[in-house]
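New to this one? Take a look at the structure first, and then we'll walk through it together.

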Amino acid sequence: MATQGERPALRKPVFIKVDQLKPGTSGHTLTVKVVSSKTVLQKARPTAASSARPTRIAECIVGDETGVIVFTARNEQVDMLQPGATAIIRNAKIDMFKGSMRLAVDKWGRVEVTEPANFTVKEDNNLSLVEYELVHVVE
């Protein structure tokens, strides 16, 4: 008889490198360094006056020793992902924006700042600069 409150064992995360990211994929866990961060949207939400929380979005260039990609940081993630910080991004997905890949985390993912990593970011391999074309396959 199973006792109440038992949870299935969590799977160990499989860490991947930036250069392994592909369009339309999700569930990625990676350790990255933040190269730069640029706020692209900052506005107050028009909700009830008491709970007007601002929406902030920043485009951060994050990467590891294999390459870099644009990460779309939202709200409190913007504060965490400051240039020079090392972060573990869990359950991230690839969004396509104007034909290029962006790394993003939705409500199921997590961003956490961690110990500084001991790798040098390969900035000359920017996956977000590769343009993809949507091809419809007709069978």
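What follows is a short tour, from the whole chain down to a few residues.

First, a caution: this is a predicted model. The chain has one helix and six strands. Starting at the N terminus, you meet them in the order β-β-β-α-β-β-β, so to speak a row of strands with the helix in the middle of the list.

**The chain as a whole**

The chain has 139 residues, and 36% of them count as buried. Its accessible surface comes to about 9600 Å², with 52% of that belonging to carbon and sulfur atoms. How do the contacts spread along the sequence? If you take the contacts between residues at least 6 apart in sequence, 62% join residues at least 24 apart.

**The core**

Which residues have the most contacts inside the largest nonpolar core? They are Leu21, Leu30, Ile69, Phe71, Leu81, Ile89 and Leu103, in a core of 24 residues. Strands S1 (26-44), S2 (54-64), S3 (67-74), S4 (86-97) and S5 (100-104) each give two or more residues to this core. The biggest giver is S4, with four residues.

Leu21 is a good one to click on. Setting aside its neighbours within four places in sequence, Leu21 is in contact with Ile16, His28, Leu30, Ile69, Ile94, Met101, Leu103 and Leu127. Among these partners, Leu30, Ile69 and Leu103 are also on the list of residues with the most contacts inside the core.

**Two threonines**

Now for a pair of threonines. Thr39 has its place in strand S1, while Thr72 is found in strand S3. Are they buried or exposed? Here are the values:

| Residue | Relative accessibility | Counts as |
|---|---|---|
| Thr39 | 45% | partly exposed |
| Thr72 | 14% | buried |

Thr72 counts as buried because its 14% relative accessibility is under the 20% cut-off. Thr39, at 45%, lies between that cut-off and the 50% above which a residue is exposed, so it is called partly exposed.

What do they touch, leaving aside neighbours within four places in sequence? Thr39 is in contact with Ile57 and Ala58. Thr72 is in contact with Ile57 and Ala58 too, along with Gln77, Arg102, Leu103 and Ala104. Leu103 is familiar by now, as one of the residues with the most contacts inside the core.

One last distance for Thr39: its C-alpha atom is separated by 7.4 Å from that of Arg56, although the two residues are 17 apart along the chain.

Methods. Residues are numbered from 1 along each chain as its sequence is written. This is a predicted model: local features need pLDDT of at least 70, side-chain atom pairs count only at pLDDT 80 or more; totals for chains, interfaces and linings use all residues. Side-chain values use heavy atoms; hydrogens and water are left out. Buried means under 20% relative accessible area, exposed over 50%, partly exposed in between (1.4 Å probe, protein chains only). Contact means heavy atoms within 4.5 Å. Accessible areas come from the Shrake-Rupley method with a 1.4 Å probe; for residues, only the protein chains shown count as cover. A nonpolar core is a set of buried Ala, Val, Leu, Ile, Met, Phe, Trp, Tyr and Cys residues joined through side-chain atoms within 4.5 Å.
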